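Dear colleague,

I am handing over the structure we spoke about, and below it you will find my notes on what turned up in it. Please read them with the model open beside you.

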Amino acid sequence: MTGVQTCALPISSNHRPPVGTAPSAIGAALSGIGASVCCIGPLVLLSLGIGGAWISYLTALEPYRPIFIAAVLVFLGMAFYKLYIAPRRCAPGDVCALPATLRNQRIIFWVSTLVLAAVVAFPWYGVALLG
């Protein structure tokens, strides 16, 4: 074939891609949403103009709130462990070996932790906020 170039990248059997914090961050976010759906869900839906008697069924998830909060703490703990304690397994030249990547991951972790803390604590400060 003339004019067509192929690019073959060497595949090393001993090089594994670094394990990121994405699964634990996604798990923490989903658990935070689950922990607050009984309290923030109706408020968000009503503020969007969506109403109806079916919204009261979201409070049926209130007994499961402690389980979701525990899941948030577990997933955030896993992400903290991967970012601050676990040794990084990156080959020199990989994106994960750059200091800026680690700094950005840590910034995203702390911002998402603050957002999740605000969402999980909403039932306690929401009463004062809404009167």
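Is T101 buried or exposed? Before answering, I should say that this is a predicted model, and that everything below is computed from it. T101 has its place in helix 4, and with a relative accessible area of 19%, which is under the 20% limit, T101 counts as buried. Its side chain reaches the backbone oxygen of V95 at 2.9 Å, and once the neighbours within four places in sequence are left aside, T101 is in contact with V95 and C96.

Further along, helix 4 also holds L116, which is buried at 10% relative accessibility. Leaving aside neighbours within four places in sequence, L116 is in contact with A28, A29, G32 and L76. L116 and L30 are 86 residues apart in sequence, yet their C-alpha atoms are 9.7 Å apart in space.

L116 is also one of the 11 residues of the largest nonpolar core, the others being A28, A35, I69, V72, L76, A79, L83, L102, F109 and V120. Helix 1, helix 3 and helix 4 each supply at least two residues of this core, and helix 3 gives the most, with five residues. For F109, a member of the core, the contacts with residues more than four places away in sequence are L76, A79, F80 and L83.

Helix 1 deserves a separate remark, since its geometry can be checked directly. Its 15 residues, 22-36, should span 21 Å at 1.5 Å a residue, the expected span being 1.5 Å times one less than the number of residues, and the end C-alpha atoms are indeed 21 Å apart, so the two values agree. Within helix 1, the buried residues include S24, G27, A28, S31, G32, G34, A35 and S36.

Turning to the aromatic rings, how many aromatic pairs are there by the rule used here? The count comes to six. Among them is the pair of Y84 and W110, which is tilted, with 6.4 Å from centre to centre and 55 degrees between the planes. Because Y84 lies in helix 3 and W110 in helix 4 (residues 99-120), this pair ties together parts that are 26 residues apart in sequence. Both partners are partly exposed: Y84 has a relative accessible area of 34%, and W110 is at 42% relative accessibility. Ring pairs also link F80, Y84, F109 and W110 into a cluster, and F109 is thus a member of this cluster as well as of the nonpolar core described above. In addition, R65 lies over the face of W124, at 4.9 Å from the ring centre.

Finally, a note on a loop. A60 is found between helix 2 (40-47) and helix 3 (65-85), and at 49% relative accessibility A60 counts as partly exposed, because only values over 50% are classed as exposed. The C-alpha atoms of A60 and V37, which are 23 residues apart along the chain, are separated by 9.9 Å.

With best regards

Methods. Residues are numbered from 1 along each chain as its sequence is written. This is a predicted model: local features need pLDDT of at least 70, side-chain atom pairs count only at pLDDT 80 or more; totals for chains, interfaces and linings use all residues. Side-chain values use heavy atoms; hydrogens and water are left out. Helices (H or I, at least four residues) and strands (E, at least two) are DSSP runs, numbered from the N terminus. Buried means under 20% relative accessible area, exposed over 50%, partly exposed in between (1.4 Å probe, protein chains only). Rings of Phe, Tyr and Trp (its six-membered ring) pair if their centres lie within 6.5 Å; planes under 30 degrees apart count as stacked, over 60 as edge-to-face and the rest as tilted. A charge sits over a ring if NZ of Lys or CZ of Arg is within 6 Å of the ring centre and within 35 degrees of the ring normal. A polar contact is a pair of N or O atoms within 3.5 Å; within protein, one must be able to donate a hydrogen and the other to accept it, and residues adjacent in sequence count only if both atoms are side-chain atoms. Contact means heavy atoms within 4.5 Å. A nonpolar core is a set of buried Ala, Val, Leu, Ile, Met, Phe, Trp, Tyr and Cys residues joined through side-chain atoms within 4.5 Å.
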